[in-house]
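Grab a pencil and your favourite viewer. Here are a few exercises to work through, each followed by a solution.

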Amino acid sequence: LSGGAREQLTVIVRIACARLVGDDGVPVFLDDTMGYTDPTRRLTMGAVIAAAAATSQVIVLTCDRARFAGIGGARTHVMQRSGAPAG
């Protein structure tokens, strides 16, 4: 499998495991994933992540917000390094 396909499967498996754990779901943490996923598939994965957010809290840490632009209704928070200039 390509690097992008492995990334996508990893995200899907993590979401599936979170749904199996309990009826209320458990949080899913994604740390800077989908760097090798092409833009078209990122949109599809955004829909998968948005659907998962209906039953579980999904927390995405990334340095490239554009990778996850396909997630509708997402709340974003920009974190800055301590002492970094604002803006």
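The exercises below go from the overall fold to the helices and then to a pocket.

A word on ground rules. This is a predicted model, so local features need pLDDT of at least 70 and side-chain atom pairs count only at pLDDT 80 or more, while totals for chains, interfaces and linings use all residues. Residues are numbered from 1 along each chain as its sequence is written, and side-chain values use heavy atoms, with hydrogens and water left out.

**Exercise 1. Describe the fold in outline.**

Step 1: list the elements, taking helices (H or I, at least four residues) and strands (E, at least two) as DSSP runs numbered from the N terminus. There are two helices and two strands, and along the sequence they come in the pattern α-β-α-β.

Step 2: get the dimensions. The C-alpha trace spans about 40 × 30 × 20 Å along its principal axes.

Step 3: check burial, where buried means under 20% relative accessible area, exposed over 50% and partly exposed in between (1.4 Å probe, protein chains only). Of the 87 residues, 23% are buried.

Step 4: look at contacts, meaning heavy atoms within 4.5 Å. Among contacts with a separation of 6 or more, 64% join residues 24 or more positions apart.

**Exercise 2. Work out which side of helix 1 faces inward.**

Step 1: test the length against the expected span, 1.5 Å times one less than the number of residues. Helix 1 (residues 3–21) has 19 residues and should span 27 Å; its end C-alpha atoms are 27 Å apart, which agrees.

Step 2: pick out the buried residues of helix 1, which are G4, E7, Q8, V11, I15 and A18. They cover an arc of only 100° around the axis, so they sit on the same side of helix 1; the arc is that of the directions from the helix axis to the C-beta atoms. As a reminder, an α-helix has 3.6 residues a turn, so residues three or four places apart point the same way.

Step 3: turn the helix over. The face of helix 1 away from its buried side carries the exposed residues L20 and V21.

Step 4: find the cover. Strand 1 (28–31) and helix 2 (39–52) are included in what covers the buried residues of helix 1.

**Exercise 3. Compare Q8 and R14 in their surroundings.**

Step 1: Q8 is in helix 1 and counts as buried, because its relative accessibility is 15%. Leaving aside neighbours within four places in sequence, Q8 is in contact with T37, R41 and M45.

Step 2: R14 is also found in helix 1, but R14 is partly exposed at 39% relative accessible area. Not counting residues up to four places away in sequence, R14 touches V28, F29 and L30. The C-alpha atoms of R14 and F29 are separated by 8.7 Å, with their positions 15 residues apart along the chain.

**Exercise 4. Do the same for helix 2.**

Step 1: the buried residues of helix 2 are R42, M45, G46, I49 and A52. Seen down the axis, they fall within an arc of 120°, so they line one face of helix 2.

Step 2: those buried residues pack against helix 1, strand 1 and strand 2, while the face turned away carries the exposed residues T40 and L43.

**Exercise 5. Which element gives the largest share of the lining of the largest pocket?**

Step 1: count the lining. The largest pocket is lined by 23 residues, and V58, V60, R75, T76 and H77 lie nearest its centre.

Step 2: assign them. Helix 2 and strand 2 (58–61) are the elements that give two or more residues to this lining, and strand 2 gives the largest share, four residues.Step 3: mind the term. On a 1 Å grid over the protein atoms alone, a pocket is an open set of points where a 1.4 Å probe fits, with protein on both sides within 12 Å along at least five of seven lines; lining residues have an atom within 4 Å of a point.
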